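Visitor: I am new to this structure. Please take me through one part of it closely, the place where two domains meet.

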Amino acid sequence: MKKLTIIGSGPGGHMAAFAAARAGHSVTLVESAAVGGTCLHTGCIPTKTFKSSADALEKIRHMGNYAITGNADASISMPDLLARKKNVIGLLTTGLEKTCASLKITIVRGRGRVVSAREVAVSTQEGTVLVESDNVIIATGSRPLDLPSLPADHKHILNSDDALALEHVPTSIAIVGGGVIGCEMACIFRSFGAQVTVIEGQDRLLPIPSVDAEMSKLLLREMKKAGIRVELGKTVSAATVEQGVAKLAVSPSRPRGDAPAEAAMLDVESVFVTVGRVPNTEGLGLAEAGIAVTPRGWIEVDDCLQTSVPGVFAIGDVLGPEKIMLAHMASAEAEHVVAHLDSPAPCDYSVVPSAIFTTPEIGCVGLSEEQALAAGLPVRCTLLQVRELGKAHAMGEIAGVFKLVAHAENNTILGAHLCGPHATDLVAEAGLAIRMGAKVDDVAHTIHAHPTLAEGFYELCHKAARP
């Protein structure tokens with residue numbers, strides 16, 4: 001039995017604690033705030049709570065399409081939504097605390113500082129507590145990046161945390177950053193009734209290597225159809241707040257020629273800044289303990305997730321974009337580290353699904369077409385329109401496309417990129433197929449229930465299996 005100290009209780013931290021306790025280790029979990037971390041309190045769960053209300057609101061507004069008569073003049077009550085969000089978070093937080101208690105995990109409330117692999121100092125309300133251990137796992141996560149040109153005043157210029165605490169729906173919103181968080185927020189608040197403009201410096205939405213360009217193209221089309229204005233290749237060069245109005249100067253991110261780019265002015269009630277994250281490492285004592293970090297402050301680890309100090313590991317968002325900043329990846333890293341405490345082993349990042357809760361949803365796993373080609377693989381891609389599925393028509397949700405990336409010579413599935421209703425659920429089957437080294441024929445010869453959305457992946461593989 002080992003003594004394990006974990007700093008941070010988000011998806012990585014609490015999963016490491018659960019796995020270690022179940023393996024018979026003595027576990028101390030250090031947390032300065034509520035158990036659950038960013039994901040539960042200001043990230044995944046509250047965002048999806050908002051998205052569920054947005055989806056319900058859209059259904060009500062279009063209930064005539066479902067042969068339902070009645071008052072379709074529905075609107076969102078932000079105070080009630082905040083109360084619902086609080087209730088959901090509270091239930092899940094209580095569940096985590098009960099699991100900690102049942103597994104006899106000791107929770108120390110305070111800020112942890114790494115002294116060595118065998119000692120963590122925790123600053124509590126009562127004073128400093130020294131926790132002795134055999135190993136330490138750092139899982140302190142990240143927080144929203146504050147741009148110097150757009151410093152959050154938490155009133156008009158907001159970060160993603162602020163946006164999830166708004167007590168009213170702004171009339172107009174500019175979202176700076178067309179990544180996952182920005183696009184999700186755009187879809188949610190457009191459904192809530194706001195006029196939304198997304199400003200993205202790159203030439204496409206979701207400019208992420210793991211997201212196939214076909215998904216970005218379709219999402220752009222659907223967001224525009226929903227009335228969301230999208231400015232690609234643009235950046236905010238200046239911002240002021242005057243009499244309750246945020247005034248943004250929007251310029252091309254890549255000016256052409258020698259002439260200075262002419263800025264267009266955009267006036268909005270609120271600005272959401274969703275351009276990135278920074279690590280939560282202040283006060284951890286990394287330098288004093290000899291733990292190396294990157295120039296941007298992310299903790300450096302080897303392939304086994306061990307820091308420069310033997311016996312001290314780090315997992316989750318605190319590792320930065322060099323790894324994969326997703327809640328479920330943090331949980332996977334946690335289980336991997338705990339399983340290999342005695343003999344560290346490389347962590348596998350080859351099959352990690354991503355779930356993007358836009359409208360429509362996007363689920364991706366494996367290689368994109370661009371990644372496969374860059375790796376020098378012979379590639380054959382197959383597309384299936386969601387409107388080809390009977391269940392999609394029955395649901396009244398036909399926008400979307402499924403894309404399969406397969407090895408052109410042996411038909412092994414290399415990647416799957418799904419955009420459409422419940423794509424974030426459907427991507428799990430594709431992930432399993434890639435993990436098992438399945439070929440398109442394996443899925444094509446597996447009977448899927450009809451009528452379902454899941455048979456979309458079957459139809460996609462069936463289409464790819466045909467000569």
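Guide: What follows describes an interface between two domains and then turns to the cysteines.

This is a predicted model, in which local features need pLDDT of at least 70 and side-chain atom pairs count only at pLDDT 80 or more, while totals for chains, interfaces and linings use all residues. Residues are numbered from 1 along each chain as its sequence is written, and side-chain values use heavy atoms, with hydrogens and water left out.

The domain assignment gives domain 1 (3-143 + 278-340), domain 2 (157-275) and domain 3 (360-465); such bounds come from an automatic or database assignment. Between the C-alpha centres of domain 2 and domain 3 there are 30 Å. Eleven residues from domain 2 and 15 residues from domain 3 take part in the contact, where contact means heavy atoms within 4.5 Å.

Together, domain 2 and domain 3 bury about 1,100 Å², 67% of it on carbon and sulfur atoms. Buried area is the accessible area (1.4 Å probe) that two parts lose on being put together, summed over both. On the side of domain 2, Asp212, Met215 and Leu218 lose the most area to domain 3, together 49% of what that side buries.

Asp212 also forms a salt bridge with Lys403, with the closest N and O atoms 2.9 Å apart. The term stands for a side-chain nitrogen of Lys or Arg within 4 Å of a carboxyl oxygen of Asp or Glu. The count between domain 2 and domain 3 is one salt bridge.

As for the cysteines, the structure holds zero disulfides, a disulfide being a pair of cysteine sulfur atoms within 2.5 Å. For Cys347, the nearest cysteine sulfur, that of Cys304, is 9.1 Å away. The sulfur of Cys419 is 8.5 Å from the closest cysteine sulfur, in Cys364, too far for a bond.
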